[in-house]
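These are my notebook entries on one protein–RNA model. I set down what I looked up, in the order in which I looked it up.

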Amino acid sequence: MEPPLVVMPQEKEQDMSKDLEILRHSTSHLMAQAVKELFSEVKVAIGPAIETGFYYDFDYEPGFTEEDLLKIEERMKEIARKDLPIERRILKKKEAREIFLTLGEQFKVELLDEIKDEEVSTYTQGAFTDLCRGPHLPSTGPIKAFKLLSLAGAYWKGDEKNKMLTRIYGTAFQDEDALNKHLQFLEEVKKRDHRRLGKELDLFSVSDEVGAGLVIYHPNGALLRYLLEDFERKEHLKRGYQFVVGPHILKVDMWKRSGHYDNYRENMYFTKIDDVDYGIKPMNCVSHIMVYKSKIRSYRDLPLRYFELGTVCRHEKSGVLHGLMRVREFTQDDAHIFLRQDQLHQEIVSIITFVQDVMKIFNFEYEMEISTRPEKFIGTVEDWDKAEKVLKDVLDAQGLPYDINEGDGAFYGPKIDVKLKDAIGRKWQCATIQCDFALPERFDLNYVDSDSKRKRPVMLHRVILGAIERFLGVLIEHYSGKFPVWLSPVQVIIMNITDEQEGYVRSIYDLMIHEGIRAELDTRNEKLGMKIRESVVKKVPYMIIAGKKEMENNSISVRLRDGSELKDIDVKTFVNRIREENISRR
RNA sequence: GCCCGCGUAGCUCAGUGGUAGAGCACCUCCUUGGUAAGGAGGUGGUCACCGGUUCAAUCCCGGUCGUGGGCUCCA
């Protein structure tokens, strides 16, 4: 059995106590001091405390190695043992500028030049002085439980046009115990990595021969995906959505009209057929718009909800690709809803309810965020303001808390993003609801209102799970590969103990398959212990074991994923149990 | 795309300037065993790809592709 996962309350930003933040910030300074002592030519940039520890960015041409980290860690311990006082000093910006200029710390000088205040503070420990707002520990002594974790590149001030610096990540805690717990937590995170489980459970692969960011689903992965999609189709039909299907390639003229060509071209793939340019769809909205446009619409028809499990292709930068979480071809549970302005509020409420229902089924917590007008946008500022107001009004009316993410909307409209939180507290953006006045204008969409005048509908773009690929990746990690019964690609493995029961287990298998249960048969010439072990490794929820006893009683024994057993029970009883779990999605 | 690391059998990984090894998996045989690995034998690799240095490259150098940790960007 796997050890239980330790969830660290300190992982969550809002929970990170001020004390811990100060400790980590001071540890980052301690690291910078050690680095400066060991590598005198290094220039320091910035080094804050973060959710899970701290980092410091350095400018060091040869770059650090993994061995350097050990050396730095040793030096840090030495300095900490000396219990050097950490002294705060307030000085005029001009003075501070002189100091850092003399030290040759051009990054600090650059930071100073951006500070508006007349006075700044510096912190000094030993020969190391840093420009810093603080606060810090009074001395280096209390810094005991820390570890340097990794090396990374990071742009100066987070801008890709700037110089690439070397970042060292580390973590620090109040005591060894808490540090060890955190390190153990990191090990657990690695164990539930969807890329690792994807391989272990034989769900999917990504092949360098096929191409980066392109997922190949193996039978059980494809089945898992099918189950998720089946769930989605049913849920959408229940909620008044209609299925539509659009093509993968559309003429470039369509993308020019939609604004994608001007605003999203870097992310698109293009091809040419008989001298006509086509774009491979990065979004599904254009086809859905064409369905709307295919005939005259009455105000009575609205809202029209078009749903498609739409596969899109986007040129993501090579460095961002990551298992199922970030890929170049993925399928969205995408819908476009065409409606009157007076229906907007209610429709958004319905979508949020939809999201909440789904989150509950998978046991996710979530947070909401509103993203507003970006620099690159289509449509008018008035429409944007109107749309942003509707989104805020809905969340306010529902009493749902949210953050504002300024300038992060899609180019055609503002959005509500839902960030779900998985079993170990990590946040993932999946659902998004985008309010769009611009595309109806661009495509000249209209409906005939009760006064027989033509009016412009509004469009909502929305996804619930987001991208199937990403959601699957999140699910794999959320459940640590132990999917609930209704989502398990294989629900039952049926195994005999000796050849004598082969016919018997086969009849149980036939019955299960007939009942729509996803069963597998293991009649290999192997010991029971071996069959159980393999089934446990595959994280299958149920094993049916039938030996001489069961065959004589016309019964089965069931071993559950947690190791507990149901001895000598009736097959029908068990079939009903799984049926029930399928229906109630447990 | 950028910085750093990595790429050896299906998987997890050793290893060496003189063309390779383990465990698991797979195949064959023995074993019919009651809740996490029964035993024996065997198959399997252009050491990611392309080029360079060298008498000789899986190993050293360069490039490409892929991948990992990050940065930037995002469903």
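**Entry 1. Overall fold.** I began with the contacts in chain A that have a separation of 6 or more, and found that residues 24 or more positions apart account for 70% of them. I note here that the model is predicted. I then counted the secondary structure: chain A holds 18 helices and 29 strands. Along the principal axes, the C-alpha atoms of chain A occupy a box of roughly 85 × 75 × 50 Å. Of its 586 residues, 51% count as buried.

**Entry 2. Nonpolar cores.** I asked which residues touch the most other members of the largest nonpolar core. They are F362 and L487, in a core of 63 residues. Helix 11 (residues 344–362) gives this core its largest share, 10 residues. I also recorded a second, separate core of 32 residues, with Y60, I86, Y123 and C132 among its members.

I listed the surroundings of F362 next. Setting aside residues up to four places away in sequence, F362 touches L228, F231, L465, F471, L475, H478, Y479, W486 and L487.

**Entry 3. Helix 14.** Two residues in that list, F471 and L475, led me to helix 14, where both are buried. Why is helix 14 described as largely enclosed by the rest of the structure? The reason is that 10 of its 11 residues are buried. I wrote down the buried set in full: I468, E469, F471, L472, G473, V474, L475, I476, E477 and H478. Just after helix 14, I found S480 with a positive phi of about 55°.

**Entry 4. Aromatic pairs.** My tally of aromatic pairs came to 22. I looked at two of them in detail. F107 and W156 form an edge-to-face pair, at 4.8 Å centre to centre with 65° between the planes. This pair links distant parts of the chain, 49 residues apart: F107 belongs to helix 4 (residues 106–114), and W156 to the loop between strand 7 and strand 8 (164–173). F107 counts as buried because its relative accessibility is 5%. W156 is buried as well, with a relative accessible area of 4%.

For F362 and W486, the ring centres are 5.8 Å apart and the planes stand at 40°, so I entered the pair as tilted. This pair, too, joins distant parts of the chain, 124 residues apart, with F362 in helix 11 and W486 in the loop between helix 14 (468–478) and strand 25 (492–496). F362 and W486 are both buried.

I also noted one aromatic cluster formed by F39, Y56, F58, Y60 and F64.

**Entry 5. Charges over a ring.** At Y261 I found K256 over the face of the ring, 5.0 Å from the ring centre. R265 likewise lies over the face of Y261, at 4.4 Å from the ring centre.

**Entry 6. S139.** I located S139 in the loop between strand 6 (128–131) and strand 7 (145–155). Is S139 buried or exposed? It counts as buried, because its relative accessibility is 14%. The side chains of S139 and D83 are joined by a polar contact of 2.5 Å. Leaving out neighbours within four places in sequence, I found S139 in contact with D83, L84, P85 and I86. Of these, I86 appeared earlier as a member of the second core.

**Entry 7. G503.** I placed G503 in helix 15 (residues 502–514). G503 counts as exposed because its relative accessibility is 54%. The C-alpha atoms of G503 and F243, 260 residues apart along the chain, are separated by 45 Å.

**Entry 8. RNA strand B.** I asked which of the 53 residues around RNA strand B come nearest. They are Y155, R326, I497, N525 and R533. Several elements each supply at least two residues of the surface near RNA strand B, including strand 7, strand 8, helix 6 (194–200), strand 21 (427–436) and helix 16 (528–537).

On the RNA side, 43% of the atoms within 4 Å of the protein belong to sugar or phosphate, and the rest to bases. I then recorded three individual distances. A polar backbone atom of G319 is 3.1 Å from a base nitrogen of RNA strand B. For V327, a backbone N or O atom lies 2.8 Å from a base nitrogen of RNA strand B. In the side chain of Q429, an N or O atom is 2.9 Å from a sugar or linking oxygen of RNA strand B.

How values were computed
Residues numbered from 1 in each chain as written. Chains lettered and ligands numbered in written order. Predicted model: local features only at pLDDT ≥ 70, side-chain atom pairs only at ≥ 80, totals over all residues. Heavy atoms only, no water. Helix = DSSP H or I, 4+ residues; strand = E, 2+ residues; numbered from the N terminus. Buried < 20%, exposed > 50% of the residue type's maximum accessible area, 1.4 Å probe, protein only. Polar contact = N/O pair within 3.5 Å; in protein donor to acceptor, adjacent residues only side chain to side chain. Contact = heavy atoms within 4.5 Å. Core = buried A, V, L, I, M, F, W, Y, C linked by side-chain atoms within 4.5 Å. Phe/Tyr/Trp six-rings, centres within 6.5 Å; stacked < 30°, edge-to-face > 60°. Lys NZ or Arg CZ within 6 Å of the ring centre and 35° of its normal. Near = heavy atom within 4 Å.
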